[in-house]
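Student: Please take a close look at one part of this model, strand by strand. Then place that part against the rest of the chain. Keep it brisk.

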Amino acid sequence: MTCARRTQAAKANKAMTRPVKSPAGFWALISLFYVAVLVGCGQHNQEYLAKIFNRKVTVDDFKTRYLRLLQMTSQRDNLLTRKSVLDALINEEMLLFHARQSGLEKEERFKKEVEAITQQALLEAHAKHLVNTRVKITDADLRNAFVRLHTEISARHLYAPTEDEARALYARLQSGYTFEELAAMTFNEPELSSNGGYLGYFTLGDMDPAFEETAYNLKIGEVSEPVKTAYGYSIIKVEGRKTNPLITEHDFQKRKNRIEKYLRWVKAEQEAKKYAGEVAQSLRFQFNQAALRFLLHQITGADDSSYARRNGQIESDFKYHDLSLAETLVQFEGGEWRLEDFLKASAFTSARQRKLIKNEDRLKQFIQGLVVREQLLKKAGDLNLQKQESVQETINKETKNYTLKRMREAIVDTVNVPERAMRERFEKFSERYYFPEEVNVKEILVDSEKLGKELIQKLRKGENFSELARRHSLRQWAAERGGELGFAPRGKYGALADTVFSLKPGELIGPLPTERYYSIIQAVGIKEKRPKNFEQAKDEIRQELLWDWQRKALQSCLDAWRKESKIQVNEKKLQTLTFSNPSSS
């Protein structure tokens with residue numbers, strides 16, 4: 001397929017969304033779009049190293065990319081690497097030129113993304129303005145952070161997605177439940193469910209800032225109330241603390257600047273959240289319960305028109321319902337939102353955020369976050385932040401990145417790995433493709449070696465393993481299945497793998513010590529390692545080969561475009577540029 005045909009075919013690709021790491025909710029929406037970015041502006045060098053069409057690769061463009069590469073890879077400056085970086089920048093300019101030629105910028109999808117980029121740039125600029133006026137870092141702050149940097153804390157925690165659930169867990173702790181018991185009930189992750197939520201040792205910058213702040217202020221053995229983090233709520237218990245006593249004023253002065261940057265980032269995020277919370281409180285939200293329930297049904301409904309099944313896009317046919325798009329959804333100080341206002345605003349959030357709206361409280365948080373975001377954008381407009389050079393630079397940079405991403409996708413997303421190539425690889429490396437050896441076991445997990453020994457004696461006398469597992473095992477999800485863990489490969493069993501895989505079906509062993517717990521294990525069945533045929537290995541082979549075929553397709557397009565283009569490279573300037581590799585401190 002030609003480059004032109006590839007870019008045409010890509011116009012039918014699925015819609016792009018902005019990636020989000022944190023769950024849906026009020027603070028997630030704010031933190032996504034309202035993060036302080038503290039950057040400085042310097043003098044610009046507009047001399048060019050290359051000309052492509054009517055575009056230039058300037059000395060500044062090159063230096064920014066090249067110095068970042070040297071810093072990240074610890075490479076030394078050399079001419080070969082200089083040429084490689086310049087080639088990459090030339091390739092980007094060709095992709096941008098052909099994006100304009102293909103009419104990409106006229107697409108509604110592209111316009112919507114640029115609008116989202118613009119909103120984010122304005123919110124970041126407003127956050128920076130806020131930081132400059134509200135965030136102060138004192139010498140005492142720096143010294144306290146320096147001590148924390150040399151202090152390791154070990155802790156365990158219990159997690160809940162909502163405050164009500166976290167409060168319920170905290171009440172259970174207060175009534176006598178242990179972390180071990182509650183972790184086994186609440187965590188899906190095997191390690192945390194079996195070790196009482198134990199996280200091991202961490203230090204400054206390793207954890208969520210709110211989690212970290214609470215942990216450092218707890219005494220050994222002390223338990224916190226529920227703490228709001230970016231991911232939900234945690235109840236924290238500090239288990240240990242280790243401080244390096246050999247820290248000096250020289251060490252502090254050496255690391256002072258880096259610590260200040262970290263603290264400014266943390267405090268900026270905290271201040272942004274605090275300010276957004278103040279805005280939210282001042283708005284005095286009042287929801288139309290009928291409209292809210294209707295909207296929640298559209299989002300969480302199980303039918304084919306549901307929000308989640310259509311990748312988070314609400315396109316419900318309102319004419320079949322009593323409510324219209326003009327129905328008021330929420331009123332707040334100074335305004336209101338109708339259902340159609342919500343639909344427009346939610347288009348600038350991610351599918352992952354929207355899919356995590358599972359109940360009325362989450363939906364309210366989601367809507368409040370969107371309204372607050374709108375208010376913050378208005379405040380940014382009132383300050384004329386859109387006219388700042390740094391804001392325009394951010395918009396241009398992110399729009400360029402998005403354009404490059406779309407163009408690369410336009411080329412590589414239409415690539416198919418030929419079956420011939422997959423068969424050739426299978427025939428050459430058939431021994432690589434197999435189903436690994438797996439074992440299925442039943443387990444009873446207990447926190448006492450004495451209890452473990454009592455239970456294994458009962459089992460050896462003929463008592464039913466499944467019944468004992470249901471009554472005694474701390475791994476609740478397995479206990480409900482009579483202790484059965486299901487077939488799993490060696491990697492699942494960690495240090496116990498050799499022991500577990502040596503058992504014959506029906507054989508018992510234990511109690512085996514694991515971290516803070518004891519396991520009694522009975523083998524149920526074994527699946528031997530067995531080879532895959534071509535059809536069974538096909539998807540695995542396709543994924544192995546796909547990246548290389550996509551890379552070749554992209555390079556083929558770029559090579560073809562280079563032959564059609566007049567490219568001028570200032571070789572002398574490239575060779576004589578002088579700069580030093582920036583310090584990593």
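Tutor: Start with strand β7, residues 286-287. Two strands meet here: β7 and β8 (residues 328-332) run antiparallel and are joined by 2 bridges. One pair can be named: Gln286 has Gln331 of β8 as its bridge partner. Keep in mind that this is a predicted model.

Now follow β8 onward. Its pairing with strand β9 (residues 335-338) is also antiparallel and takes 4 bridges. Within it, Val330 is bridged to Trp337 of β9. The link between β8 and β9 is a hairpin with 2 residues between the strands. Look at the turn: Gly334 has a positive phi there, about 90°.

Put the strands together. The result is an open sheet of 3 strands, ordered β7-β8-β9, with antiparallel pairing. β7 and β9 are the edge strands, and each pairs on one side only. A helix is added to this picture. α13 (residues 339-346) lies across β8 and β9, and makes an angle of about 80° with β9.

How far can the surroundings be trusted? Over residues 302-321, pLDDT stays under 50, and the model has 39 contacts beyond four places in sequence for that stretch. Residues 8-43 also stay under 50, with 91 such contacts in the model. Where pLDDT is low, predicted coordinates should not be read in detail. Across the protein chain, the mean pLDDT is 83, and 87% of the residues score at least 70. Helix α2 (residues 26-33) has the lowest confidence, with a mean of 43, while helix α17 (residues 419-428) has the highest, at 95.

Next, another sheet for reference. It is open, has 3 strands in the order β11-β13-β12, and is paired antiparallel. Its edges are β11 (438-446) and β12 (508-514); each has a single partner strand, so one side of each is left without a neighbour in the sheet. From one strand to the next, the twist averages 35°. Between β11 and β13 (residues 517-527), count 9 bridges, again antiparallel. Among them, Val439 is partnered with Ile526 of β13. Helix α18 (residues 449-460) packs on this sheet and touches β11, β12 and β13. The directions of α18 and β12 make about 170°.

This sheet also leads to a pocket. The second largest pocket has a volume of about 530 Å³. Its lining has 22 residues, and the ones nearest its centre are Ser194, Glu443, Arg475, Lys492 and Tyr493. Three elements give two or more residues to that lining: α9 (190-194), β11 and β13. By class, the lining residues are 11 nonpolar, 6 polar and 5 charged.

Back to the starting point. Trace β7 to β8 by the Gln286 and Gln331 bridge. Then step to β9 through the hairpin, with Gly334 in the turn. Finish on α13, lying across β8 and β9.

Key: Residues are numbered from 1 along each chain as its sequence is written. This is a predicted model: local features need pLDDT of at least 70, side-chain atom pairs count only at pLDDT 80 or more; totals for chains, interfaces and linings use all residues. Side-chain values use heavy atoms; hydrogens and water are left out. Two strands pair if DSSP finds at least two bridges between them. Axes are lines fitted to C-alpha atoms, for helices over the stretch in contact, and angles run from 0 to 180 degrees between N-to-C directions. Contact means heavy atoms within 4.5 Å. On a 1 Å grid over the protein atoms alone, a cavity is a set of points where a 1.4 Å probe fits but cannot get out, and a pocket is an open set with protein on both sides within 12 Å along at least five of seven lines; lining residues have an atom within 4 Å of a point. Grid points are joined across faces, edges and corners, and a volume is the space filled by probe spheres set on the points. Ala, Val, Leu, Ile, Met, Phe, Trp, Tyr, Cys and Pro count as nonpolar, Asp, Glu, Lys and Arg as charged, and the others, Gly among them, as polar. pLDDT is the predictor's confidence in each residue, from 0 to 100.
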